[in-house]
Amino acid sequence: MDKKTTLTQQMAVAQEPEKAIVERKTGALSWVAQNGIFIFLAVLILVASFAVNGFASLENLTSILNRAAPIGIVAVGMTYVVISGNYLDLSVVAQVATAGVIFLAVGNEYGLFVAALAAFAASLVYGIVNGVAVGYFKANAVIVTLATTYIGLGLLRFFSGGSIFFGNPDGPMEQFGQAKLGPIPASTFVLLAITIVLSILLTRTNFGFLVKSFGVNEKATRLAGVNTDRVIVGAFLVTAFAATLAGFVFAAYSNTAVSTMSQGFDFRALAAIIIGGTSVFGGRGSVLRTLLGVMFVSVLNNILVLVGISFGYQQLALGIIILLAVTLDVLSRKLGEK
Amino acid sequence: MAAVVEAKNITKAFGGVKAVDDVSVSVEAGEILAVVGENGAGKSTLMRILAGIETQDSGQVIVSGEVIPKSDAKASIDAGISLVHQELSLVPEMTVAENILLGSAPTTVGITRTRQMKQIAQAALEEIGVSVDLDERISKLSVALRQFVEIARAVARKPKVLILDEPTASLTPAETDYLLSMLQRLADRGMSIVYISHRIPEVFRLCDTVTILRDGKQISVLDVAKTTPQQVIDQMVGRELKKDLESKRSSSPGHVVLKAVGIRAEGVNDISLEVRAGEIIGLGGLVGAGRTELVRAIIGADPRKLGKVTLTVNGKTKVISSFESAVKAGVGYVPEERRTDGLALTMTVAENITLPNRKELSASGFQLARKIRTFADDLSKRVGLRPPEIDREAGQYSGGNQQKIVIAKWLGRRPALIVLDEPTRGVDVGAKAEIHRLVKELADNGTAVLVVSSDLPELLELADTIHVVRDGTITGTLSQEEADEKRVMSLAAGEQVENA
Amino acid sequence: MTETIQLGGAKETGFFPRLRTIIGRRTEGRGVILLLVILAVLAFTQPLVFTALPVTIGRIALIGIVALGLTAVILMGELDLSVASTLAASGVVVAIIPDLRIAIPAALLMGIVVGIINAFFIAIVGIASFIASLGMLFALSGLAFVLSNEVPVSIANQDAGLAFGQPLFGPVTPRILLFFLVFIAIQLFVTKVKAGREFFAVGGNRQAAYDSGIPVKRRIFTGFIISGFVSALAGVIYTLELTVATPTAGSTVLLASFAAAIIGGNYLKGGRGSIIGTLIGASSLGVLQVALFLSGVQVPVQNTLIGAILLIAVITDPSSLRAISARVRATLPDRTKVEAQ
């Protein structure tokens with residue numbers, strides 16, 4: 001360092017110490033909002049293992065994993081949109097179904113490779129349309145993705161005739177769908193792999209850093225010379241790619257695909273993300289926590305099914321859990337400010 | 001005579017810092033009281049407490065002998081306290097009449113009586129002598145006219161006391177002149193007025209009494225007739241104002257780094273300027289003169305309608321066509337609003353510093369954690385961040401330290417040009433001196449510096465050359481030797497001031 | 001008169017400047033243009049639409065009623081996504097209570113309660129409205145399934161239902177009548193009633209509204225109660241007309257009602273818009289749907305079209321256009337003189 005810098009430092013030391021820092025109390029509430037998922041999940045699993053008949057069987061656990069994979073893949077992808085402060089991507093419903101139908105309909109005719117190309121091309125379109133409308137046009141993400149959901153589903157139903165597609169028996173889709181390593185289905189490895197990849201992308205790369213930074217403060221990010229609009233397109237693209245992968249996994253598992261296959265994916269993914277501790281206000285969150293959130297939602301669903309509680313109550317429960325989780329987040333922020 | 005409005009022993013702290021510290025003021029009927037003080041002295045906070053918008057920690061507001069409940073805007077209005085805000089608080093998409101009667105429109109069983117509403121609005125506008133279409137939307141009006149609509153709203157509430165917070169900030173001299181005589185008329189009719197300003201001449205022209213605040217404390221209450229502007233300024237500042245001649249730099253500017261030609265943008269009317277390497281150019285003028293708009297248009301942070309901007313670094317000339325290209329070419333920007341535009345407050349110091357330097361601190365897109373740490377550590381020490389803890393959230397630091405983080409962000413890029421907009425607003429005296437020294441160091445090391453400041457002593461201390469901006473054009477250019485507060489102010493205000 | 005100051009912005013005189021100012025102040029421009037374009041195209045391609053007026057008005061009422069309630073919330077810069085499942089749940093409530101005299105008030109009361117809960121989370125707790133109402137959307141759709149046991153429920157009094165579908169006079173069915181009553185009520189509320197007019201202030205500059213003593217939280221409660229009540233009313237109408245309630249009813253309501261409100265010029269950030277705009281937006285969509293139906297276009301394609309219209313409407317919103325034009329302008333000019341056209 002040159003002399004002048006040392007001068008500044010000397011000055012700094014020589015001056016009266018000012019009240020330079022406001023210590024922030026990190027209250028119990030904010031700890032729960034961020035880390036509560038660990039406890040919630042542990043308690044849920046413990047209670048279920050003892051109290052719920054049939055929960056702790058290998059078969060049941062495999063089935064939980066099978067069901068968790070597609071919704072989980074969607075959720076870890078959509079975490080990017082949530083962290084960027086753009087609430088959510090409702091159109092994942094249309095994206096998963098589009099991918100599922102393409103993988104089976106095109107895959108049966110032209111093989112898996114062509115189908116994969118077609119499916120990812122479709123997800124590229126979704127990501128770009130959503131991202132450009134939200135990023136470049138600064139349009140409300142909820143409304144934009146509501147519109148693209150209906151555009152996408154309408155087109156899908158039109159081209160598919162609303163019919164159900166079945167994969168070729170013993171075709172590559174079915175083989176993948178039924179593949180297991182021990183009791184663990186292949187789809188679980190896909191979920192883990194994408195979680196790891198997206199987690200590294202979020203925490204170790206410039207792109208992930210910018211997604212977070214945009215979520216914290218859009219203006220400051222832009223005024224650091226960042227093309228923030230492109231970052232938003234990136235976040236929607238990540239979500240779209242993940243949704244396509246989810247469509248593949250989902251279609252492979254049942255070896256069928258139909259335009260209505262992914263109903264409710266948007267909410268369940270959002271519920272998993274929020275329960276995992278990612279803030280709906282953007283800027284704070286993690287892909288790994290979303291994975292835990294997914295496990296929570298899946299285990300909860302499984303328990304409700306096992307004890308014979310109907311679909312309606314499950315839906316009701318998730319809605320209330322979303323509201324409570326967000327309330328917790330808001331209250332912890334309010335207390336943190338004081 | 002008894003006081004109409006009295007504020008007793010008001011205290012208010014924000015996060016441990018006392019913004020208002022045991023202040024008492026009172027106004028009699030027809031009295032015009034000035035409240036003066038530097039930026040951050042606590043004037044606005046005190047007034048917001050009077051108006052029931054901010055909640056005081058202790059103390060009372062008493063109107064005609066009755067204590068007003070805390071933080072109840074409606075009760076304060078009903079008791080007769082009306083505040084004209086510093087930041088315009090009109091609803092842009094509503095009409096003039098609706099805005100004048102915002103929240104207090106006349107009704108019969110809940111239904112707005114439109115005709116009567118317009119009559120009241122018209123009467124209020126006539127009372128202040130302004131004519132404007134009552135059905136026009138606020139968003140279509142000029143800034144000056146909005147200011148008058150705002151005053152009409154306050155007057156329409158038939159207040160006992162009218163509080164105006166820096167009402168002339170965005171007015172031309174003629175409009176200011178009109179406003180002052182209008183306020184005098186209102187006072188002659190028995191309305192009490194509290195006038196907040198840091199423009200001392202206005203205070204001496206208009207007011208009867210002056211209360212001086214400094215760092216939240218009440219320094220004194222003076223009878224305007226028995227004091228002098230110099231006395232008031234001395235008490236406001238609490239130190240003697242002198243040119244710090246020892247800190248003068250001997251500048252020897254190099255080649256032209258920034259060349260901006262024919263810039264036109266919102267609020268900017270055909271301005272050209274150059275900044276050389278190692279040179280500090282200051283932009284002076286009143287708030288709203290178009291300085292911020294000018295620098296933002298130059299570096300592409302806001303759109304410009306016309307104009308060509310080039311940056312020459314190491315003999316290579318690059319055209320600046322967007323903010324991203326500006327940053328890429330070597331521009332650093334310290335924006336006016338540090339908390340919203342300059343920093344991501346809930347991110348750490350290290351993360352904030354990484355933001356503009358991310359390309360240098362990564363390899364094929366992956367961040368280099370160790371390199372980031374040493375880089376951020378170095379810079380935070382270099383700017384004198386106290387304590388230099390790079391894992392703390394930026395929002396935990398005080399204003400002066402936050403500004404050092406913003407500067408550190410750009411220092412890391414060794415910028416060819418750095419643009420600073422009000423670099424020391426709301427910063428304590430110590431940090432201010434450090435920031436000044438940093439800016440001079442940058443220039444000494446060959447960076448071209450462009451500074452916008454409303455703080456005249458700051459401008460005079462830093463700038464080698466001062467361009468004074470008024471109404472979106474440069475009205476005068478002063479070298480360091482020529483410049484003094486009077487000259488800059490007269491160019492800024494557009495008034496011919498005789499040379500003493 | 002004492003001295004005055006002229007600062008510009010005085011009232012225009014003369015007929016045409018006056019007219020221009022008045023038109024310039026309206027917000028419904030895009031809705032009117034879309035409606036005119038659709039009508040002009042249909043005049044050539046599908047003139048049947050004009051003869052099928054009762055059908056068309058019925059369709060407009062169906063799309064528009066929820067949108068009207070939603071507009072009250074949008075004017076304040078808030079969103080209510082729960083309208084869709086409020087409609088479904090209230091429809092189920094009507095069907096499961098045998099006596100309509102109890103069922104209908106119960107369903108409407110439920111709508112009000114939903115509004116209060118939404119507003120509680122938004123105004124008191126401080127959750128962004130989209131997320132609070134999204135949770136509500138989810139919870140209520142669950143409730144609709146629970147109450148109906150996951151199957152369509154027929155109403156007990158089938159005759160009342162059938163009678164409800166019949167015109168009262170001319171082409172006016174109860175649905176159309178109720179739609180216009182709701183329209184007039186909300187229109188009067190936001191243009192004439194002080195509390196309603198203050199919605200614009202709450203949406204346009206919330207801080208200013210607070211500072212002027214407007215009870216912002218109470219206004220937010222009012223808005224969400226209106227929106228909840230109107231969607232519950234829509235649920236009642238649906239169920240009575242169909243004589244059966246399905247827990248999945250109203251799946252496209254969210255799309256159509258947001259589209260109608262946004263096409264009608266209601267600014268999503270609040271403070272700018274009108275109930276008439278929503279009526280025009282709903283009319284455009286209603287006419288379009290009937291025309292598509294008459295031309296034999298399938299429902300999925302209709303949804304695609306409406307989705308596309310919503311997408312275009314939301315990205316051509318004034319603030320979106322400003323954002324994109326600022327971006328374009330920020331990159332383009334590198335010249336100092338105005339170039340010849």
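Biologist: Hi! How much area does chain C expose, and what share of it do carbon and sulfur atoms supply?
Modeller: Chain C exposes about 13,800 Å² (Shrake-Rupley method, 1.4 Å probe). Carbon and sulfur atoms supply 70% of that area. This is a predicted model, where local features need pLDDT of at least 70, side-chain atom pairs count only at pLDDT 80 or more, totals for chains, interfaces and linings use all residues, and side-chain values use heavy atoms without hydrogens or water. Residues are numbered from 1 along each chain as its sequence is written, while chains are lettered from A and ligands numbered from 1 in the order written.

Biologist: And how many residues of chain C count as buried, as a percentage?
Modeller: Of its 341 residues, 58% are buried, meaning under 20% relative accessible area; exposed is over 50%, and partly exposed lies in between.

Biologist: What is chain C built from?
Modeller: Chain C has 16 helices and 2 strands. Both are DSSP runs: H or I of at least four residues for helices, E of at least two for strands.

Biologist: How does the radius of gyration of chain C sit against the globule rule?
Modeller: The radius, taken over C-alpha atoms, is 22 Å, close to the 20 Å from the rule (2.2 Å times the number of residues to the power 0.38), so chain C is as compact as a globular protein of that length. Along the principal axes, the C-alpha atoms of chain C fill a box of roughly 75 × 55 × 45 Å.

Biologist: Changing topic: how many aromatic pairs are there over all chains?
Modeller: There are 14 over all chains. Rings of Phe, Tyr and Trp (its six-membered ring) pair if their centres lie within 6.5 Å; planes under 30 degrees apart are stacked, over 60 edge-to-face, and the rest tilted. One of them joins Phe120(A) and Phe241(A): this pair is tilted, at 5.9 Å centre to centre and 50° between the planes.

Biologist: Where do Phe120(A) and Phe241(A) lie?
Modeller: Phe120(A) is in helix H5 (residues 112-136) of chain A and Phe241(A) in helix H11 (residues 228-254), so the pair ties together parts 121 residues apart in sequence. Phe120(A) is partly exposed, at 30% relative accessible area, and Phe241(A) is partly exposed at 32%.

Biologist: What about Phe158(A) and Phe159(A)?
Modeller: Phe158(A) and Phe159(A) form an edge-to-face pair, with 5.2 Å between centres and 70° between planes. Phe158(A) is partly exposed at 39% relative accessibility, whereas Phe159(A) is exposed at 67%.

Biologist: Which residues do ring pairs link into a cluster?
Modeller: That would be Phe103(A), Phe176(A) and Phe248(A).

Conventions: Buried < 20%, exposed > 50% of the residue type's maximum accessible area, 1.4 Å probe, protein only.
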